[in-house]
Amino acid sequence: MERKIAPYRVSQCLGLLVPLLVVFAVGHIGAQQTDDGGVEVDMLDGEKVVKIKFDPYMDLCRGTYERPAAITSTLFCWYDVRNSHSLLSPTKVEVLSNDPFVALMHGMVYDSEIAQLQSLGDSHIKRSGPTNDSWLPVFYDNHQTYTLHDRDHPVVERLTHRIERATGLSCETAEDLKVIYNEVGSFKTSAIDAIQTKEELHRFAYAGDRLATALLFLNDDTLGGYTIFPKLRVVIPPQKGTAVFWYNLKATGEANPLMKYSICPLMGDAKWTAKKLIHTRGNELRHLCHPDSAPTPKQNN
């Protein structure tokens with residue numbers, strides 16, 4: 001018995017083949033990673049080379065990126081009990097990247113302390129909302145900040161000591177605690193906390209470079225606003241009471257370009273964070289610099 005192919009089947013097959021022919025007509029030449037963690041792909045369209053750049057932030061900010069098992073299988077968690085205080089209240093550490101080191105420290109800030117930090121900024125922060133005249137929008141370069149010194153309130157001093165115990169670093173020359181308030185639409189483009197300008201170099205000459213950063217999340221009922229490290233492919237959603245800690249410098253004391261981070265657009269509600277920037281001065285024996293790990297300069301023949 002002979003089987004015949006119906007005409008409408010032929011038309012369906014042709015309809016599927018035409019897009020495939022179009023795809024294969026564009027030849028793939030090569031791909032390379034960009035400085036911001038994206039990917040540039042060179043495609044051959046006839047005799048013209050077309051450069052297509054894939055945004056490194058798209059899948060990270062959407063929360064759809066899943067890290068490979070080859071990476072996640074090397075990560076781990078532990079209870080940090082390096083000092084006598086930690087024996088009673090150990091720090092819960094969750095590693096997100098081994099090299100360079102990025103980790104979450106859970107339970108770093110309590111609800112009562114968060115409320116106190118926010119109340120200390122009532123005179124500095126302007127929120128969007130109804131006023132006597134109309135709705136008051138806030139556009140302060142995507143965020144508003146205020147700084148708190150240890151002497152401003154016992155909660156601030158207590159947080160400084162807690163960060164010292166959790167990180168093992170001295171905050172003697174650290175900058176004041178910076179509390180950051182963000183509203184809908186706020187974001188932060190690629191940045192690194194290590195000192196980059198001459199102005200900052202002179203300003204913090206007594207403290208040295210910014211060795212490490214401790215970023216504390218003061219709320220988590222937000223939509224978006226992830227902290228991401230594009231080159232490490234690390235995504236950190238806000239988690240109330242948790243701190244994310246990372247080193248800004250290489251073992252040689254130079255700024256580590258892998259530690260450039262961004263803040264994804266905030267699509268709902270408001271976001272509160274606090275940042276503690278820890279400097280190298282006073283940590284020479286706690287976090288050793290290794291000049292021998294610097295690259296060997298090329299010798300001219």
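Colleague: In what order do the eight strands of the open sheet stand?

Modeller: In this predicted model the order is E4-E5-E6-E16-E12-E19-E10-E9, with antiparallel pairing. Strands are DSSP runs of E with at least two residues, numbered from the N terminus. Local features need pLDDT of at least 70 and side-chain atom pairs pLDDT 80 or more, while totals for chains, interfaces and linings use all residues. Residues are numbered from 1 along each chain as its sequence is written, and side-chain values use heavy atoms, without hydrogens and water.

Colleague: Why are E9 and E10 said to pair?

Modeller: Two strands pair if DSSP finds at least two bridges between them. Five bridges join E9 to E10, so the two strands pair. Thr 145 stands opposite Ile 180 in E10.

Colleague: What makes strand E4 (77-80) and E9 edge strands?

Modeller: Each of these two strands pairs on one side only.

Colleague: Why is the space of about 730 Å³ called a pocket?

Modeller: On a 1 Å grid over the protein atoms alone, a pocket is an open set of points where a 1.4 Å probe fits, with protein on both sides within 12 Å along at least five of seven lines. The largest such set holds about 730 Å³, the space filled by probe spheres set on its points; it is therefore a pocket, not a cavity, from which the probe cannot get out.

Colleague: What lines the largest pocket?

Modeller: The lining has 36 residues, each with an atom within 4 Å of a point. Among the closest to the centre are Lys 178, Ile 180 and Tyr 261. E19 supplies the largest share, five residues.

Definitions and conventions:
Helix = DSSP H or I, 4+ residues; strand = E, 2+ residues; numbered from the N terminus.
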